[in-house]
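This report looks at a ligand site and at a few selected residues of one protein chain. The sequence and the structure come first, and the notes follow.

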Amino acid sequence: MDQFEPLLPSGSIGAGHIKGPPESLHLPWLPTSSLKQYTLVFPVTADSKICLGMKKRGFGAGRYNGFGGKVEPGETVFEAAKRELLEEANIVATKMPQCGRIRFAFENSPVLMDVYVYRVEEWEREPEETEEMLPKWYSMLPSDHPSSPSLPAIPFDNMWPDDDLWFRFFLAKKSFVGRVDFNKPAESDTEGKMEDGSMRKWWFADAPVELMQA
Ligand SMILES: Nc1[nH]c(=O)nc2c1ncn2[C@H]1C[C@H](O)[C@@H](COP(=O)(O)OP(=O)(O)OP(=O)(O)O)O1
């Protein structure tokens, strides 16, 4: 049914199982021929603030997201997550639990992106603008919540369209796994970048993080 079945013993998937859209449920997942590891890291504070970065160049440019990138040969996924956070936000993670793992496939690419998601709960220094990212703070709580910090709401309209789906687990502090397949960009979109395709099929579930290690 999904690419995580071999990693997830039956009964390990939580109640928050989501998949869609309805017309895609009979479609197979896109075929891919290689798996590449990536990291995605979100600094969060105990008083419900989250730091996102506007990607200034490359894949996903113009969107707000966590900090991260490719795992380089010879490093662990955790080391890569720490390195990318330092390169892109200039902070050093000192407490960084893994909270999710998501796979992304694109209709016109043979690569399955295997993205390890972390929340950074403690770090040294403060996030700074770098060549790749412009960091900005947001509230993780609804604006009418009595403890909501006076910061803007998470800008889902300016993020990857899938973030809206799996952030419900992230914000509830539940670990999660999932997969999203993207269509290729519309024919009319002559400048179409791979990341401009619409979401074709998705699946997410809350699941224990121990089942998701590299
Ligand atoms: N659909 C999606 N939703 C999401 O929230 N994050 C995604 C995503 N697809 C990719 N990402 C993230 C994963 C990773 O953090 C980033 C892609 O990594 P990059 O291409 O920025 O890697 P690198 O920074 O290593 O690249 P270079 O700087 O070109 O070497 O985008």
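## Ligand contacts

An oxygen atom of the ligand sits 2.7 Å from a polar backbone atom of T39. The model is a predicted one, and the distances in this report are computed from it. K55 also approaches an oxygen atom of the ligand, with a polar atom of the K55 side chain at 2.7 Å. For D162, the partner is a nitrogen atom of the ligand, 2.8 Å from an N or O atom in the D162 side chain.

In total, 19 residues surround the ligand. The closest are T39, K55, K70, D162 and D163.

## Surroundings of D162

D162 belongs to the loop that runs between strand 9 (133-139) and helix 2 (163-171). The D162 side chain makes a polar contact of 2.9 Å with the side chain of W166. Beyond its neighbours within four places in sequence, D162 is in contact with F104, V180, F182 and M199.

Which side chain of opposite charge is nearest to D162? That side chain is R63, at 6.7 Å. A salt bridge requires a side-chain nitrogen of Lys or Arg within 4 Å of a carboxyl oxygen of Asp or Glu. D162 has no salt bridge, although it is buried.

## The annotated domain

The UniProt record, an unreviewed entry, places the feature "domain: Nudix hydrolase" at residues 34-169. Across residues 34-169 the chain is 15% helix and 38% strand. The C-alpha atoms at the two ends of this stretch are 27 Å apart.

## K173

K173 is located in the loop between helix 2 and strand 10 (176-182). Is K173 buried or exposed? Its relative accessibility is 61%, so K173 counts as exposed; the cut-off for exposed is over 50%.

Leaving out neighbours within four places in sequence, K173 is in contact with R119 and E121. E126 lies 47 residues from K173 in sequence, and the C-alpha atoms of K173 and E126 are 23 Å apart in space.

## G14

G14 falls in the segment before strand 1 (18-20). G14 has a relative accessible area of 25% and is therefore partly exposed, a class that covers values between the buried limit of under 20% and the exposed limit of over 50%.

How far apart are the C-alpha atoms of G14 and P208? They are separated by 8.6 Å, while G14 and P208 are 194 residues apart along the chain.

Technical notes: Residues numbered from 1 in each chain as written. Predicted model: local features only at pLDDT ≥ 70, side-chain atom pairs only at ≥ 80, totals over all residues. Heavy atoms only, no water. UniProt positions renumbered as here; feature names shortened; annotations may be inferred. Helix = DSSP H or I, 4+ residues; strand = E, 2+ residues; numbered from the N terminus. Buried < 20%, exposed > 50% of the residue type's maximum accessible area, 1.4 Å probe, protein only. Lys, Arg positive; Asp, Glu negative; His and termini not counted. Polar contact = N/O pair within 3.5 Å; in protein donor to acceptor, adjacent residues only side chain to side chain. Contact = heavy atoms within 4.5 Å. Near = heavy atom within 4 Å.
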